[in-house]
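Let's take a walk through this fold, starting from the inside and working out to the charged pairs. Keep the structure open as you read.

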Amino acid sequence: MAMDVAGLDLDALAARVSGWLHEHLPEPWRQAARDGDRRALARILADPATTSAWFAELGDSGLATPGWPAEYGGLGLAADATAVVSDELTRWQAARPAEDFVGLALGGPTIIEWGSEDQKQRFLRPLARGEHRWCQLFSEPGAGSDLASLRTRAVRVAEGGEKGGAWVVNGQKVWSSYSHSADFGLLMARTDPAQPKHRGITYFLLDMHSPGVEVRPLRQLNGKSEFGEVFFTDVVVPDDDRLGPEGRGWSVAMTTLMAERSGLSGRPGVGPGQADAIATRARQTGAWDDPVIRDQIMQAFVAERALQMATVRAFAALGRSEPGAEGSIRKLMHAQLEVTLGVLATEVEPGDAIAWAAPGDDAAVAAEAFLSAKILSIAGGTSEIQRNIIGERVLGLPRDGDPYANQPFDQRPHD
């Protein structure tokens, strides 16, 4: 049953959410979060029975998706109130994992904005309860920063689907986070190459278990395989799973991309963060006695708090509106801060910090932070793309001209 939060101010909402979590979160989980016991939390989160039950309860309460309309599993809260809920979930280590970011932060809002009632009923409630995992099928080997140059093709065929049609998809995507474990994917495909490149694209909700879908995990610098490349060979997608009008996929994708940049802009609450953890570790290792390192940690602390407060302010101003280009400012700052924090994490460790240590050890955590520090400079649009967006859409600077802007995609020169 969804939580009743009607009429609560932000402070009362925080207290209500914290009280609910204290009452419903399993005791071992609650104790590990209270003690900051990373190893105990890792063991709990590795138990599918525990996490499945918790995520289902969290989804039924509305706290997993507080900004969604109540009829689709949310609480109908404005952005500043959703930030309060997110902050409390983070404090108790009770939020959905990073693997669910695409579904919750990108897929859900895009389906709410563009989906049919049937699609909302089919996809949103299971997503809120953690029953389905989603991935993003946008980037291609030749279409990353220039996403509109994508070449994955979807061709309409006569049979299949309640609407009297289906699509056959062929092509390749890459850098698709958690595609190896996803149940569904947010797919952009070119359906009319005779149109200019930003037109003739259609958006689909793809069943990743469909015949012809092949996922190959990619090994990352940090030793993980969160990304994958995805191949489509004659994959049949019912027209029922087309999201938005045919040929309007770029407009639908803008909803997804704006949500992504806002979602990758950092924590929407003010409180202890990575800089605090690094400062604590520096005191344990003795690195805090080095005045240069201490000054660097304090600079990172100030930058992290400033980003947190900017994010809270942005959420408060957003209300129930959709995220805009301003989110690119915070996303850019967050990416730069992650690099600083990744380096600092190793600086405060003994000399073997970047060697592979036992999982869960402080040195191993620092090593992973260092090796993962550049992820946000690339994911969700590179920092260079964010600077372009800020210049053109926030500052109003002139855009670079495209001499082929109105030329059919299949007549444009390609590398």
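A nonpolar core here means a set of buried Ala, Val, Leu, Ile, Met, Phe, Trp, Tyr and Cys residues joined through side-chain atoms within 4.5 Å. Bear in mind that you're looking at a predicted model.

With that in hand, go to the largest nonpolar core, which has 29 residues. Trp134, Phe138, Leu186, Met188, Tyr203 and Leu205 have the most contacts inside it. At least two residues of this core come from each of helix 6 (101-114), helix 7 (117-128), strand 4 (184-190), strand 5 (201-207) and helix 8 (249-263). Helix 8 gives the largest share, with 6 residues.

Met188 is a good place to stop and look around. If you set aside its neighbours within four places in sequence, Met188 touches Leu137, Phe138, Leu147, Leu150, Thr152, Lys173, Ile201, Thr202, Tyr203, Gly249, Trp250 and Ala253. There's also a second, separate core of 26 residues, and Trp20, Ala40, Ile44 and Trp54 are among them.

Now over to helix 5, which covers residues 79-91. Its 13 residues reach 18 Å from the first C-alpha to the last, close to the 18 Å expected at 1.5 Å a residue. Plenty of the helix is tucked away: Ala79, Ala81, Thr82, Ala83, Val84, Val85, Asp87, Glu88 and Leu89 are buried. After the helix comes Gln93, with a positive phi near 55 degrees.

What do the side chains of Arg91 and Glu88 form when they meet? They make a salt bridge, at 2.7 Å from N to O. The two sit 3 residues apart in helix 5, so about one helical turn separates them. Their surroundings are worth a look too: Arg91 is partly exposed at 47% relative accessibility, while Glu88 is buried at 10%.

That pair belongs to a wider theme, since side chains of opposite charge can pair when their charged atoms come close. The count of salt bridges comes to 18. One of them joins Arg242 to Asp239, with the closest N and O atoms 2.9 Å apart. Is this pair buried or exposed? Arg242 counts as buried at 15% relative accessibility, and Asp239 is buried as well, at 3%.

For another setting, try Arg399 and Glu392, whose side chains meet in a salt bridge at 3.2 Å, N to O. Arg399 is exposed at 62%, and Glu392 is partly exposed at 22%. Finally, salt bridges that share partners link Arg156, Asp239, Arg242 and Glu246 into one network.

Notes. Residues numbered from 1 in each chain as written. Predicted model: local features only at pLDDT ≥ 70, side-chain atom pairs only at ≥ 80, totals over all residues. Heavy atoms only, no water. Helix = DSSP H or I, 4+ residues; strand = E, 2+ residues; numbered from the N terminus. Expected span 1.5 Å × (residues − 1). Buried < 20%, exposed > 50% of the residue type's maximum accessible area, 1.4 Å probe, protein only. Contact = heavy atoms within 4.5 Å. Salt bridge = Lys/Arg side-chain N within 4 Å of Asp/Glu carboxyl O.
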